[in-house]
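Hi! Here is the structure I promised to pass on. Have a look at it first, and then read my notes below.

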Amino acid sequence: MMAQEHSPDVLSFSPGGGTGFVGRALTQLLRSRGHQVTHVSRRGGTDRISWEELSHSGLPLCEAVVNLAGENVLNPFRRWNDDFCREVVSSRVETTKALAKAIVAAEQPPRAWVLVTGVGFYRPSPTAEYTEDSAGGDFDFFSRLVSSWEAAALIPESPTRGVVVRSGVVLGRDGGAISQMLLPFRLGLGGPMGSGLQPFPWIHIQDLAGIVCHALETESVRGVLNGVAPSSPGTSNGTFAQELAAALGRPALLPVPAWAVRALFGAERAAMLLEGQRVLPKRTLESGYRFIFPELPAALKDIVA
């Protein structure tokens, strides 16, 4: 728990899901910038509170709240069925509702409330380009999930500034998509999925953490920001496979056929890998955020080095 005395020049954050892949990177960045961080997680402890404590005792005194919570949709060890679907929805929508409710009930509301969702909000297309103002959110399970997730975060007439970051595929060293790809690619067994022509919206984990931090620290930022690299609209799944193989000094000659992806993940999840969106970080750039890794080769070199 945070100390009772609260220095006005030091922000503190309660990130739901803060112990996961993105949460660890964000926590490290925030602490390096002098912020105090309290995690909301399944169990309480040092610098953390449990979801049960949040429900009973309310939000600790803090300047901002971030929600990164969510069951891993692409967990290959979980079969796609009704139970798993309910877990996927609950881990996102219910945690967001709990945090929004705590913000509303807080005697001293936080100044900022940031939710990280996904670019699955936008309809897959080989040609359409989407900015933060583009429509979406009502064409399949995942788009409707993002809509429900973001709706759960809305707090009408609240003094707390709200920001939603719609993230692409997060690339990083200690988890995320690349952790499952590295072994086959290192063995020279990697390649594109399906046709390889589908767009591949990506972002380096340092930039996703950076955008969230930027949103927390910049009073003028509110609304939706796309969490994708500036060059990602020009990246296809095939290009990504070639660049990852090049970063590892290996070939990328073995495409994974679409039927195999569907057999492993099920049709709904396979669509996330076999289709894609060209997403532009228009408002993100306009808000003043400067990307650390705008180009894929440098991002991959940093990750696999």
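**The strands in the middle of my notes**

Let's start with β6, a strand that is mostly covered: seven of its seven residues are buried. Keep in mind as you read that this is a predicted model. The cover on β6 comes on both faces, with Ala112, Val114, Val116 and Gly118 buried on one side and Trp113, Leu115 and Thr117 buried on the other.

Which strands pair with β6? One of them is β8 (residues 161-167), which runs parallel to β6 (residues 112-118) over seven bridges. If you want a spot to click on, Val114 stands opposite Val163 in β8. Strand β5 (residues 64-67) is also parallel to β6, and four bridges join the two. Here you can look for Ala64, which stands opposite Ala112 in β6.

Now follow β8 onwards. β8 also pairs with strand β11 (residues 223-227), again in the parallel sense, over five bridges. Val165 stands opposite Leu225 in β11. Like β6, β8 is mostly covered, with six of its seven residues buried.

Another strand to look at is β3 (residues 39-41), where you will find Val40. Val40 is buried, with a relative accessible area of 1%. Val40 and Thr19 are 21 residues apart in sequence, and their C-alpha atoms are 8.8 Å apart in space.

**Salt bridges**

Next, the charged side chains. Side chains of opposite charge can pair when their charged atoms come close. How many salt bridges does a search of the whole structure find? The count is twelve, and three of these pairs are worth a visit.

Begin with Glu63 and Arg111, whose closest N and O atoms are 2.9 Å apart in a salt bridge. Glu63 sits in the loop between α2 (51-57) and β5, while Arg111 sits in the loop between α3 (82-105) and β6, so this pair ties together parts that are 48 residues apart in sequence. Is Glu63 buried or exposed? Glu63 counts as buried, at 13% relative accessibility. Its partner Arg111 is partly exposed, with a relative accessible area of 40%. Glu63 and Arg111 also belong to a network of salt bridges that links them with Arg161 and Glu219.

The next pair takes you back to β8. The side chains of Arg166 and Glu150 meet in a salt bridge, with 2.8 Å from N to O. This pair links distant parts of the chain, since Arg166 is in strand β8 and Glu150 is in helix α4 (residues 141-153), 16 residues apart. Both Arg166 and Glu150 are buried.

The last pair is Lys282 and Glu286, a salt bridge whose closest N and O atoms are 3.0 Å apart. Where are these two residues along the chain? They are four residues apart in helix α10 (residues 282-286), which means that about one helical turn separates them. Lys282 is partly exposed at 40% relative accessibility, and Glu286 is exposed, with a relative accessible area of 55%.

**Cysteines**

You may wonder about disulfides. A disulfide is a covalent bond between the sulfur atoms of two cysteines. This structure holds zero of them. Why does Cys62 form no such bond? The closest cysteine sulfur is in Cys213, and at 15 Å from the sulfur of Cys62 it is too far for a bond. Cys62 is also buried, at 4% relative accessibility. Cys85 is another buried cysteine, with a relative accessible area of 14%.

**On the surface**

For a change of scene, turn to the outside. Leu183, Leu187, Leu189, Leu253 and Leu254 make a nonpolar surface patch of about 540 Å². Leu189 is in the loop between α5 (176-186) and β10 (202-204). At 46% relative accessibility, Leu189 counts as partly exposed.

**What the record says**

One last thing, this time from UniProt. An unreviewed entry there lists residues 256-303 as "domain: DUF1731". In this model, the span is 60% helix and 4% strand, and its end C-alpha atoms lie 23 Å apart.

Have fun turning it around on your screen!

Methods. Residues numbered from 1 in each chain as written. Predicted model: local features only at pLDDT ≥ 70, side-chain atom pairs only at ≥ 80, totals over all residues. Heavy atoms only, no water. Disulfide = S-S within 2.5 Å. Buried < 20%, exposed > 50% of the residue type's maximum accessible area, 1.4 Å probe, protein only. UniProt positions renumbered as here; feature names shortened; annotations may be inferred. Patch = residues over 30% accessible without salt bridge, like charges linked within 9 Å, V, L, I, M, F, W, Y side chains within 5 Å. Areas by Shrake-Rupley, 256 points an atom, 1.4 Å probe, with all protein chains shown as cover. Salt bridge = Lys/Arg side-chain N within 4 Å of Asp/Glu carboxyl O. Pairing = 2+ DSSP bridges.
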